[in-house]
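Take a look at the protein shown here. This report goes through its overall build and then its aromatic pairs.

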Amino acid sequence: VQKALGGVLFIDEAYALTAQGGSDYGQEAVDTLLKTMEDHRDDLVVIAAGYTERMETFIHSNPGLESRFNRFLHFPDYTVEELADIFEMRCKTGGDQLDADAREPLRAILARLSLDTEGFGNARGVRNLFERAVSAQADRLAAQAQVTHETLMLLTAGDLRAAAGEA
């Protein structure tokens with residue numbers, strides 16, 4: 001908090017501070033945060049972020065939080081097309097290429113995964129899927145006698161299915 005004075009403090013998954021735990025310091029952190037927000041209301045902006053339902057529980061867990069966090073922004077989840085674009089951007093960044101036959105399976109997998117709003121995590125979920133697909137690709141290529149540069153850089157529908165636990 002001290003480092004953020006004069007600027008912005010961003011707390012992702014802020015509800016973790018009020019999760020009931022045996023020996024954590026969440027309540028002490030919330031109390032310290034509230035006091036600092038009051039003492040430095042002119043030179044500190046605090047942004048608390050997280051999943052909507054959990055953030056509502058967090059805000060309502062303490063009257064001080066309710067009175068100090070009074071502006072709310074909701075960002076909609078990415079669409080399946082946006083998630084697919086993020087996946088393909090990760091491919092390009094890593095020098096990989098998505099096989100043309102893998103585009104529709106990718107969208108189907110992303111559509112299914114995005115139904116789990118708490119566990120998928122949007123772009124983080126895409127990153128995890130990409131990393132698992134690269135791992136599945138490595139397993140597939142390890143079984144081949146000969147690997148070319150093109151096959152080394154190509155992610156297939158089978159790699160995606162394996163990454164999604166469908167293979």
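Read from start to end of the sequence, the protein runs β-α-β-α-α-α-β-α-α-α-β-α. That pattern holds eight helices and four strands. Keep in mind that this is a predicted model.

**Overall build**

How spread out is the protein, compared with a compact globule? For 167 residues, the globule rule gives 15 Å. The radius of gyration here is 21 Å, well over that value, so the protein is more spread out than a compact globule. The box around the C-alpha atoms tells us its extent: roughly 65 × 30 × 30 Å along the principal axes.

Now the contacts. Count those with a separation of 6 or more: 68% of them join residues 24 or more positions apart.

Next, the surface. Of the 167 residues, 33% count as buried. About 10,700 Å² is exposed, and carbon and sulfur atoms supply 52% of this area. The protein carries 16 positive and 28 negative charges. The mean positions of these two sets lie 2 Å apart.

**Aromatic pairs**

A pair of aromatic rings is described by two things: the distance of the centres and the angle of the planes. How many aromatic pairs does a search of the whole structure find? It finds two. Here they are side by side.

| Pair | Centre to centre | Angle between planes | Type |
|---|---|---|---|
| F58 and F69 | 6.5 Å | 55 degrees | tilted |
| F87 and F130 | 5.5 Å | 75 degrees | edge-to-face |

Why is the pair of F58 and F69 tilted? Its planes stand at 55 degrees, and an angle counts as edge-to-face over 60 degrees and as stacked under 30. The angle falls in between, so the pair is tilted.

Where do these two residues sit? F58 is part of helix α2, which covers residues 52-59. F69 lies in the loop between α3 (63-68) and α4 (80-93). The pair therefore ties together parts that are 11 residues apart in sequence. Both F58 and F69 are buried.

The pair of F87 and F130 is edge-to-face, with 75 degrees between the planes. F87 belongs to helix α4, and F130 to helix α6, residues 123-142. This pair therefore ties together parts that are 43 residues apart in sequence.

Are F87 and F130 buried or exposed? F87 has a relative accessible area of 0%, so it is buried. F130 has 8% and is buried as well. The cut-off for buried is under 20%.

Note on methods:
Residues are numbered from 1 along each chain as its sequence is written. This is a predicted model: local features need pLDDT of at least 70, side-chain atom pairs count only at pLDDT 80 or more; totals for chains, interfaces and linings use all residues. Side-chain values use heavy atoms; hydrogens and water are left out. Rings of Phe, Tyr and Trp (its six-membered ring) pair if their centres lie within 6.5 Å; planes under 30 degrees apart count as stacked, over 60 as edge-to-face and the rest as tilted. Buried means under 20% relative accessible area, exposed over 50%, partly exposed in between (1.4 Å probe, protein chains only). The radius of gyration is taken over C-alpha atoms; the globule rule is 2.2 Å times the number of residues to the power 0.38. Contact means heavy atoms within 4.5 Å. Accessible areas come from the Shrake-Rupley method with a 1.4 Å probe; for residues, only the protein chains shown count as cover. Lys and Arg count as positive and Asp and Glu as negative; His and the chain ends are not counted. The place of a charge is taken as NZ of Lys, CZ of Arg, CG of Asp or CD of Glu.
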